[in-house]
Amino acid sequence: MDIGFSPEETRFREECRDWLHANVPAEKRPLDASDAIGFDKAWQRRLFDAGWAGINWPTDYGGRGLSIVQQVIWLEEYAKAHAPWIGANFVGINHGGPTLILNASEEQKAYHLPRILKGEAIWCQGFSEPGAGSDLAGIKTRGRIEGDELLVNGSKIWTSFAHVADWQELVLRTEEGSLRHKGLSWVICDMHAPGITVRPIRKMSGQTEFAEVFYDDVRIPLANVVGGLGNGWKVAMSTLSFERGTGFIADQVKQSQEIEELIAKARAKGMIKDDRIADSLAQMRSEVAAVRAMTYRNISEVLRTGQPGPEASVIRLFTSELGQRLKRMAVLLKGEDIIDFAYGDDDAVGDYLRGFAATIAGGTAQIQRDIIGERLLGLPKSR
Amino acid sequence: MDLTPNDEQIALQTATADWCRDHMPLAGARSRSAGLWQQLHAMGWTGMTAPEMGLDHATEALLFAELGRFLAPVALLSTAVAARWTGAAGKTALALPAQEDVRILDGVEASRALGAFGDVLAGFPLDGQLSSMFSLDQSTTLARIARPAAIEPVDDPHALLHLQLLTAAYAVGCADAARDMAADYAKLREQFDRPIGWFQALKHLCSDMAVRAAVARSQLYYAACTLDADDRDAAFHIAAAKRLADQAALDNGRANIQVHGGIGMTDEAHPHLCLKRAHLLQFIVPADMAALLAA
Ligand SMILES: Cc1cc2nc3c(=O)[nH]c(=O)nc-3n(C[C@H](O)[C@H](O)[C@H](O)COP(=O)(O)OP(=O)(O)OC[C@H]3O[C@@H](n4cnc5c(N)ncnc54)[C@H](O)[C@@H]3O)c2cc1C
């Protein structure tokens, strides 16, 4: 066990830092998905051109083929430099791309992966439905096979960035009458195809960042099925493991900044003299340190065994709840100034309101607890 | 960077756990045999931190977490720290200074005691017979003696951090023990025609125990590495490890009793042993607010 980095890794860190220092945009990323899309694409392109996109993706598809430790170093420096959130590129970079790398055909990979890395193709995730959120196996949207196409009908909901996306990771019921996990397929859906209607939904913080998606006789070539017809559940589970797994690396560093800023603010305002505030700041600073330790432990596990340990769900659950505690503290330190928040503003209050998503999106805290109890502790399955 | 144990460390960890299971089962913690210390000594558990053994703190953290899981005697902590920093051999009891006097924990057959006096670690000889009784933690005897006139401070500030780190490791082990006891029981005990672990109210109690233990263990590993690397943030990381480990041990101790229902609060069952040990550990070099909030 050691926490040191090799000379090569340290040099890499310096390169990351230098480039970010010179290139992080001075202007703020717009909050609303439709306003941010140009910004997100341009920034992703700049990252790609300078060799910072897909650091541990295979070189054949435009990645750098470097180690996961270097990916972590990049993300640490990225957050330290206050570089903008990758926004609309999130799905493609964090779980669409990795799912394709693991499950897709050569042709699918060759076409889509470079486009994702360059910020040319925005992806969204069509998993949840009005009647199937936590219960993903309950999905009803269906794709009937007609020749070499799927004829798709149904609807999805809470699809982040659907209104600006080009492609979608879409899970469908492709076997008529099939039940639960069986008969599902994971397909690449062209969001510009005829028959698709997108209706944006406003969040309680004011932004429209997710949407409802309706499919009315949408035709998708069978060649767009990833991982084989009927294997959708397995492919979807790999998507979820990336969604629940990779995001936390960046969260870890963001949270370490948040806590330092909170402590500085509490000092400046003299609020640190309040024992309860001092105690919860000390608590959260310890927890943030532990999140880094857990992240490093998990990355080490990947390096050692080729896959993350079952504790990925632990990290996911813990960081999502810790993130919310940090945001609550920020609001507490603001005091009655929170009243001045105007719908849509980006500040502590906006972050706090948007932060409720952390224990809902990508599997709720309750679902994560089920997974931990069942997979880590071996308790009987409730579902 | 690697925060997982290597093969050699895993082998040591497994050997430690196996030995503990055979010779020092948790179930026996309330009445440890008089010969246990001799056995621990013979097996080398009391001398492994001596400088000539060359063991790093990361490996110690792993092994002490295993020992802690079986509620090993608390004098192993003070003995280990004494072995590394004062060269003392033989049993060193753990001293906890109180308002007016000093509590001596696990002092049977110890010739010295060692503990944190304010922010210095100091030792002193124990002379004469201690009149020991049992403490809240039935694995530990307790005597109260007058404050010694002279104490010998251990100059190196790392020594105090070392004691804090090993105590955190004990607490991590204690949190693990409670979690495993709860999960095992939840798979076995049936109500409403199913194992109680099927019910989410109970499953989620257990999951939260797993989360607390994982958080504390990760920070323990990191903290041990900062001490090995003589990192300038070592004091913070070890304090954070201690705080999280203490909380995990206490909260898991409490949850374990709830998971066991009525039997959980009886003397005959074991959950209370973990809870009581957790209460004791929280007073050994507690995490200091100044270290946690230092700029
Ligand atoms: C900001 C945001 C972005 C999102 N983006 C996307 C996206 O891009 N693509 C996509 O497909 N989906 C997306 N989602 C949807 C998300 O995956 C679902 O909201 C989530 O899985 C929960 O489903 P639900 O909303 O239907 O809630 P429900 O499943 O109805 O849950 C309601 C409550 O019941 C609890 N509950 C449900 N079942 C159980 C159970 N078995 N045991 C215990 N408690 C249970 C839940 O924990 C929750 O507290 C997004 C959600 C949010 C908030």
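A polar contact is a pair of N or O atoms within 3.5 Å; within protein, one must be able to donate a hydrogen and the other to accept it, and residues adjacent in sequence count only if both atoms are side-chain atoms. Keep that in mind for the ligand. This is a predicted model, in which local features need pLDDT of at least 70, side-chain atom pairs count only at pLDDT 80 or more, and totals for chains, interfaces and linings use all residues. Residues are numbered from 1 along each chain as its sequence is written, chains are lettered from A and ligands numbered from 1 in the order in which they are written, and side-chain values use heavy atoms, with hydrogens and water left out.

Start with the ligand. It lies between chains A and B. Around the ligand are 18 residues (each with a heavy atom within 4 Å of it). A:Gln125, A:Ser134, A:Trp158, A:Thr364 and B:Gln200 come nearest. Strand 3 of chain A, residues 149-160, gives the largest share of this shell, three residues. Strands here are DSSP E runs of at least two residues, helices are H or I runs of at least four, and both are numbered from the N terminus.

Now the atoms. A polar backbone atom of A:Gln125 is 2.7 Å from a nitrogen atom of the ligand. A backbone N or O atom of A:Ser128 lies 2.8 Å from a ligand oxygen atom. The side chain of A:Thr364 has an N or O atom 2.7 Å from an oxygen atom of the ligand. On its own, the ligand has 970 Å² of accessible area (Shrake-Rupley method, 1.4 Å probe), and the protein covers 68% of that.

Next, look where the chains' helices meet. Helix 7 of chain A (residues 275-305) and helix 7 of chain B (residues 234-260) have axes that come within 9 Å and cross at roughly 100°. Axes are lines fitted to C-alpha atoms, for helices over the stretch in contact, and angles run from 0 to 180 degrees between N-to-C directions. The two helices are therefore roughly perpendicular (65 to 115 degrees). Among the residues that meet here (heavy atoms within 4.5 Å) are A:Asp279 and A:Arg285 from chain A, and B:Phe236 and B:Arg243 from chain B.

Helix 7 of chain A also packs with helix 6 of chain B (residues 200-228), at about 85° and with axes 8 Å apart. That makes this pair roughly perpendicular. The residues in contact include A:Met294 and A:Tyr296, along with B:Tyr221 and B:Tyr222.

Terms used:
Parallel < 35°, antiparallel > 145°, perpendicular 65-115°, else oblique.
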